[in-house]
Amino acid sequence: IVRETPNMTSRAAQRVRLGWSELEVSRACLGTMTWGVQNTEADAHAQLDFAIKDIGLNFLDTAEIYPVPASAPNWSPGATEKYIGTWLAKNQDLRPRIVIASKVAGYMKQPSASVAARSDPPGEPKPATLDYQSVMEACAASLRRLQTDYIDLYQVHWPSRAPALPIFGRALYDAGKEVPSPVPIEETLRAMKDLLQAGKIRHYGLSNETPFGVGEWVRKADEMGVPRPISIQNEFNLCNRIFEDGLVESCTPTNYNIGLLPWSPLCGGRLSGKYMNGNPAGARFTDYAQFQGRFSSAPVDEAIAKYAEVAKKAKISLTSLALSWCASRPYVASTIIGATTLNQLKEDIEAFDVPLSEETLAEVDDIHFARKSPAVGP
């Protein structure tokens with residue numbers, strides 16, 4: 001369901017229903033992952049002003065572990081939420097109109113500074129898990145940093161089963177990396193239930209999940225009398241379409257009706273085309289060459305070159321092709337866009353106004369089926 005919004009001309013600002021819930025969110029969701037590493041607090045506030053006040057977006061996504069990458073010398077866990085919080089403090093009248101999504105970190109075997117940052121002042125780094133206490137503490141910390149009384153959508157960033165799963169660009173399930181005695185979904189769900197009842201969150205969602213995981217969350221929620229998840233945030237772009245191989249059936253509106261929130265629709269910026277002639281100064285893969293390495297491979301480069309030819313033929317930018325294609329999928333609720341500069345953000349938003357012809361969509365599929373999901377591998 002797409003609803004026009006008064007006085008807003010951008011398709012990125014059109015409202016769509018998020019999954020089975022009553023939440024209406026803009027077709028574009030403002031991503032915040034780099035705020036605090038590649039973006040200053042002033043940059044973050046400028047993007048929020050433009051996206052929300054000027055364009056009319058009402059949906060933004062963050063996480064307790066943001067910004068990333070954690071290898072950046074200026075990394076500080078929770079900085080991104082703090083930037084959003086200081087903006088909200090200056091714009092309190094806008095809070096009822098904004099849908100804020102955040103995430104609790106999933107399983108991490110090594111002690112994490114993100115876990116330490118749940119207390120103020122920070123405590124000792126500890127491994128991250130999704131047990132009841134951890135979820136409650138993480139939510140309380142996010143609320144404090146965001147300077148808000150509630151989070152509209154609280155997401156499990158990745159499952160307790162994550163090391164073995166075909167996620168984050170991995171193609172295969174690895175039984176040898178199964179986590180011994182992972183936190184049961186029921187325990188995490190109990191925390192979500194209590195947060196819902198306390199009014200600290202309005203809904204919860206999943207992220208980086210599998211068909212099995214989605215089915216288990218729905219089954220356990222029904223057994224426990226808890227509302228089902230309303231969304232799933234998985235990687236989805238022209239170079240990674242594995243969501244279509246199984247998850248789409250579970251999440252489609254005619255089944256569980258769990259809205260897809262694609263992350264990295266531009267392959268970390270590679271589908272903007274800016275890396276086709278070398279790595280530009282200050283860009284993500286220039287400064288952090290090891291981050292999201294799956295997007296820096298010969299098969300991905302070959303696919304991007306072919307998509308660039310399709311875009312050229314259609315007389316549109318590669319960014320427009322990638323984002324418009326993503327938004328055109330019937331199972332996509334809102335597409336998460338992120339930018340380092342305000343000009344990049346403007347280009348991302350304008351992409352939603354670019355229609356794709358049936359011929360262009362067919363050419364995109366031809367490239368995909370010749371070499372499916374090149375950003376997914378061992």
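This report describes the sheet, one helix packed on it, and three buried residues in a predicted model.

**The sheet**

Eight strands make up an open sheet with parallel pairing, and their order across it is β12-β11-β10-β9-β6-β5-β4-β13. The edges are occupied by β12 (259-260) and β13 (335-337), and because each of these has a single partner strand, one side of each is left without a neighbour in the sheet. At one of these edges, β11 and β12 run parallel and are joined by two bridges, with I232 having L260 as its bridge partner in β12. Helix α5 packs on the sheet, where it touches β9 and β10, and its direction makes about 155° with that of β10.

**Helix α4**

Helix α4 covers residues 132-146, and its 15 residues reach 21 Å from the first C-alpha to the last, close to the 21 Å expected at 1.5 Å a residue. The helix lies across β6, β9 and β10, and runs at about 140° to β9. Its buried residues are S134, V135, A138, C139, A141, S142, L143, R145 and L146, and the elements that cover them include α2 (79-90), β6 (99-104), β9 (151-156), α5 (185-197) and β10 (201-207). At the start of α4, a side-chain oxygen of D131 comes to within 3.2 Å of the backbone nitrogen of Q133, while just after the helix Q147 takes a positive phi of about 55°.

**The nonpolar cores and I232**

The largest nonpolar core has 87 residues, and those with the most contacts inside it are Y154, I201, Y204, I232, F243 and L321. A second core, separate from that one, has 14 residues, among them V16, V99, L153 and W263. In soluble globular proteins, nonpolar side chains tend to be buried together.

I232 lies in strand β11 (residues 231-233), and it counts as buried because its relative accessible area is 0%, where the cut-off is under 20%. Leaving aside neighbours within four places in sequence, I232 is in contact with L206, E209, V214, F243, L247, C251, I258, G259, L260 and L261. The C-alpha atoms of I232 and H157, which are 75 residues apart along the chain, are separated by 9.7 Å.

**Two buried loop residues**

One of the residues that I232 touches is E209, which is placed in the loop between β10 and α6 (211-224). E209 is itself counted as buried, since its relative accessibility is 4%, and, without counting residues up to four places away in sequence, it touches P159, R161, V214, W217, I232, N234 and L247.

C239 belongs to the loop between β11 and α7 (247-251), and with a relative accessibility of 0% it is therefore counted as buried. Apart from neighbours within four places in sequence, C239 is in contact with C267, V300, A303, I304, S373, P374, A375 and V376. Of these contacts, V300 is 61 residues from C239 in sequence, yet the C-alpha atoms of the two are 6.7 Å apart in space.

The accessibility values of the three residues are set out below.

| Residue | Relative accessibility |
|---|---|
| I232 | 0% |
| E209 | 4% |
| C239 | 0% |

Technical notes
Residues numbered from 1 in each chain as written. Predicted model: local features only at pLDDT ≥ 70, side-chain atom pairs only at ≥ 80, totals over all residues. Heavy atoms only, no water. Core = buried A, V, L, I, M, F, W, Y, C linked by side-chain atoms within 4.5 Å. Buried < 20%, exposed > 50% of the residue type's maximum accessible area, 1.4 Å probe, protein only. Contact = heavy atoms within 4.5 Å. Helix = DSSP H or I, 4+ residues; strand = E, 2+ residues; numbered from the N terminus. Expected span 1.5 Å × (residues − 1). Polar contact = N/O pair within 3.5 Å; in protein donor to acceptor, adjacent residues only side chain to side chain. Pairing = 2+ DSSP bridges. Axes fitted to C-alpha atoms, helices over the stretch in contact; angles between N-to-C directions.
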